[in-house]
Amino acid sequence: MPAPVDTPRGSLKVYLGYAAGVGKTFQMLADGHAAAQRGVDVVVAYFEPHTRPDTIGQAQGLEIVQHRKIEYRGKLFQEMDTEAVLRRKPQIALVDELAHTNVPGSERTKRWEDVQVVLDAGIEVWTTMNVQHIESLNDQIWQITGIQVRETVPDGIVRQAAEIVAVDVTPDALLNRLKRGAVYKPEMVEKALSGFFKGSNLGALRELTLRQAAHEVDLRQSAYDETRAFQVPRISEARPSGTNR
Amino acid sequence: MRVSELPRPSPERLLKQVQAEENKRWGAKLKIFLGYAPGVGKSYRMLDEARRRHERGEDVIVGAVQGQQSEEVQALLQKLEMTPPLETPEGQAIDIDAILRRAPQVCIIDPLAAHNPPGSRNPYRWQDVQELLRNGISVLTSVNLLHVEEYKEKVQAITGKDTTETIPKSFLLAADDIVIVDVPPDLCLSRQGEKLTSTGISNSQERKLSELRELALLLTAEVVDAQLETYVHAHGIEPVFGTHERFLVCMTPRSNALAMIESGKRNKERFQGDLHAVYVCEPGRSKRERATIRRYFDAAKKAGAATEVLESDDPISAIVDFARENRITQIFIGHSAHNSWRDRLFGDPVLRLIRAAEGIDVRVFPY
C-alpha cells in the first residue's frame with residue numbers, strides 16, 4: 001500500500017542501551033502506554049519478549065499487530081508484518097530490536113529496512129537498539145569486549161532519529177537482573193556472565209553509550225543552530241535601517 | 001622513572017578509596033539518580049527502585065521527600081515507611097538520630113542538595129548522607145545538574161536559573177553508583193506542564209534542555225569512567241581499550257610540536273576528551289633547544305594539556321609506558337623526513353613506537 005507522495009515522513013525515536021536487559025523495551029512500552037493514555041493511536045508492531053516476565057507484563061493492554069510467521073528449514077520464525085502495520089496505519093508503531101536480521105524468505109533483509117518503509121508511510125516509529133549495533137562503533141566494541149557484533153545498523157539510520165533516549169542502569173543492577181533470570185533463560189546465564197557481561201565490559205560499554213547519546217544530542221543541537229542561523233539574517237534584513245538594536 | 005613526581009592518585013580516587021574503606025565494613029552503598037532538569041522523573045525512578053527492593057525483602061525507609069509530588073510519586077510513597085523530618089522554625093532537616101535508631105538497610109533521601117537549618121549538626125544534607133553511609137545505611141538519592149557546584153554556572157548561563165544549594169562534584173565521583181534519568185526534552189516539558197503553561201513549549205526551551213541533557217550525559221560518562229578506572233586498578237587489568245578519547249602529544253625540540261598541540265586541542269574539544277603532552281628528557285640539549293621546549297610546554301598548557309617531563313634512556317618505551325598508564329587512545333609524534341645515521345643504525349623510532357604501542361593509534365606529523 002504505497003503512501004501518497006505528499007505524506008510527511010514519520011519521525012524516529014531510538015531507545016539506546018548498552019546491553020541486553022538494561023530495560024530499553026520496558027521503557028519503550030511504558031512510554032507507549034503513556035502515549036496511548038493521552039489518546040495517541042499506538043500499536044506494538046514487533047515485540048520480542050525474550051521470555052522476560054516483566055516485559056511481557058508491560059506489553060499487556062497495548063494493541064499488538066500479529067507477527068508474520070515464516071518457515072525456514074523446518075522451523076517457524078516470527079517477523080514484523082510490515083504490510084499489516086501499513087494497513088493498520090497507527091500514529092505510532094513500536095518496533096523492538098532495530099538491528100535484527102530477518103529470516104531468509106522475508107521481503108527485506110534487515111528490520112531497519114522494514115522500519116524505513118513504515119516511516120515512509122508517515123507512521124512514527126519508536127525502536128530499541130544497543131550501542132554495539134551502531135556500525136561505526138563496531139571496531140571499538142570489538143576492542144573493548146573482544147566480541148564481534150554481526151548485526152549492525154548504518155549510522156545514517158541512527159542519525160535520522162529525531163530523538164535518542166539513553167536507557168541507563170547500573171552494571172550491578174543489570175547483573176542482579178541477569179542472575180535473577182530476568183534477562184536470559186537460566187541455562188544461558190552462566191555463559192552470559194563469563195562472556196559479554198564480564199568484568200569491565202559493562203562499564204566501558206555504558207560509558208560509550210552515554211558519550212554516544214551526548215554526541216547525538218549535540219548533533220541535533222548543531223542542526224537546530226544552523227536552521228536558526230539561516231533565519232537570523234532574514235530577520236535583520238527585515239529590520240528598517242536606522243532602527244536601534 | 002619520572003623526574004617530576006611519582007604518579008599520584010587523583011583527589012577523587014583518594015576520596016573514593018577512603019569512603020569505600022569506611023563504608024565497606026558495613027556494605028553501605030551510595031546510589032545517585034542524576035537528572036538534567038526538573039520533570040525528568042528522578043524521584044519516580046528512585047522510589048520505584050525502593051518499592052522493588054522493599055518487595056524483595058530489603059528494609060527500606062524514606063528519610064526525605066520533595067515538596068511537590070506527582071500522583072505517581074505519591075502512590076509509591078504510600079507503599080513505603082517514612083521517617084518524618086525534624087521541623088524547626090527555619091525549615092526541615094533529616095532526622096538522622098531517628099534514622100540511625102531505626103537502622104534500616106536502605107534510606108531514600110530526595111533531594112540530595114539542601115541546606116540544613118541553622119543549628120543542625122551538619123550544614124549540608126550531603127554530609128548527613130555521609131553520616132548515614134558511615135553507619136552502614138545505604139542511600140538512594142537524587143540530584144539535578146543545576147545543583148552540582150561545578151555545573152551551576154554553566155546551567156545558569158543556559159537557563160538563567162540560580163541556586164545556592166549545591167553539592168560538590170567530588171561527591172558524585174565518589175558514589176558507588178550513578179544513574180542518569182534520561183527523557184527527551186519534549187516529555188520533560190510536558191511533565192513540567194503545570195508550571196509552564198503560561199510560557200508554553202518553545203523551540204528555545206527545548207534547545208536549552210538539550211544542552212543540559214548533553215552536559216548531564218557527559219557528566220555521567222565521566223563518573224562511569226572514574227568507576228571503570230577504579231575497577232581496572234582494583235582488578236589489575238591492563239587497560240588496552242579507550243571509550244574516552246585521550247590524546248598524547250610527544251614534544252621534541254625539532255618536531256613541529258605547535259601543530260601537534262593545535263591538532264590535539266581541536267580533537268580534545270571535538271571528542272570531549274583529554275589532552276596530554278610529554279617531553280622525554282635527553283642529556284646534551286643545547287640552551288636553544290631547552291628554550292624551545294619551554295615554549296612548547298607553555299603552548300601545551302595554554303591548550304589545556306596536562307604536561308609532564310619523562311626521563312628515560314629509551315624514549316619510545318617511556319612514551320608507551322606513559323600511554324598505557326594513562327589509557328591514551330592516540331599518540332601524536334613528529335617524524336623527520338630525513339633519516340639520521342642513528343635511525344639507520346637502530347631502526348626508525350616512529351616505526352618502533354607504532355609496533356610497541358599496539359592498540360593505540362599513532363598519528364605521525366612529518367617535519
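Two residues are in contact when heavy atoms of theirs lie within 4.5 Å. Keep that cut-off at hand for the exercises below, and remember that this is a predicted model.

**Exercise 1. The interface between the chains**

Task: Work out how many residues of chain B touch chain A, and which element of chain B gives the largest share of that side.

Solution:
- Step 1. Start with the contacts: 37 residues of chain B meet 32 residues of chain A.
- Step 2. Turn to the area. Between chain B and chain A about 3,000 Å² is buried, and carbon and sulfur atoms give 52% of this.
- Step 3. Look for charged pairs. The rule finds two salt bridges across the interface of chain B and chain A. One pairing to find on screen is A:D172 with B:K29, a salt bridge whose closest N and O atoms are 2.9 Å apart.
- Step 4. Add the polar contacts: seven residue pairs, both at pLDDT 80 or more, are found across the interface of chain B and chain A.
- Step 5. Assign the chain B side to its elements. Those giving two or more residues are β8 (177-180), α8 (185-191) and α10 (203-234) of chain B. The largest share, 17 residues, comes from α10(B).

**Exercise 2. A threonine in chain A**

Task: Decide whether A:T128 is buried or exposed, and find the partners of its side chain.

Solution:
- Step 1. Locate the residue: A:T128 sits in strand β7 of chain A, residues 124-130.
- Step 2. Apply the cut-off. Buried means under 20% relative accessible area; A:T128 has 1%, so A:T128 is buried.
- Step 3. Follow the side chain. A polar contact of 2.8 Å links it to the side chain of A:D96, and the side chain of A:T128 also reaches the backbone nitrogen of A:E97 at 2.8 Å.
- Step 4. Fill in the surroundings. Leaving aside neighbours within four places in sequence, the contacts of A:T128 include A:Y15, A:K24, A:M28, A:V95 and A:L98.

**Exercise 3. A nonpolar patch on chain B**

Task: Name the residues that make the nonpolar surface patch with B:V364, and classify the exposure of B:V364.

Solution:
- Step 1. Find the patch: B:L351, B:I354 and B:V364 make a nonpolar surface patch of about 230 Å².
- Step 2. Place B:V364 in its element, strand β13 (residues 361-366) of chain B.
- Step 3. Classify it. Partly exposed lies between the 20% and 50% cut-offs; B:V364 has 36% relative accessibility and therefore counts as partly exposed.
- Step 4. Set this against the chain: buried residues make up 49% of the 367 residues in chain B.

Notes: Residues are numbered from 1 along each chain as its sequence is written. Chains are lettered from A and ligands numbered from 1 in the order in which they are written. This is a predicted model: local features need pLDDT of at least 70, side-chain atom pairs count only at pLDDT 80 or more; totals for chains, interfaces and linings use all residues. Side-chain values use heavy atoms; hydrogens and water are left out. Patches are made of residues with over 30% relative accessible area and no salt bridge: like charges are joined within 9 Å, nonpolar side chains (Val, Leu, Ile, Met, Phe, Trp, Tyr) within 5 Å. Accessible areas come from the Shrake-Rupley method with a 1.4 Å probe; for residues, only the protein chains shown count as cover. A salt bridge is a side-chain nitrogen of Lys or Arg within 4 Å of a carboxyl oxygen of Asp or Glu. Helices (H or I, at least four residues) and strands (E, at least two) are DSSP runs, numbered from the N terminus. Buried means under 20% relative accessible area, exposed over 50%, partly exposed in between (1.4 Å probe, protein chains only). Buried area is the accessible area (1.4 Å probe) that two parts lose on being put together, summed over both. A polar contact is a pair of N or O atoms within 3.5 Å; within protein, one must be able to donate a hydrogen and the other to accept it, and residues adjacent in sequence count only if both atoms are side-chain atoms.
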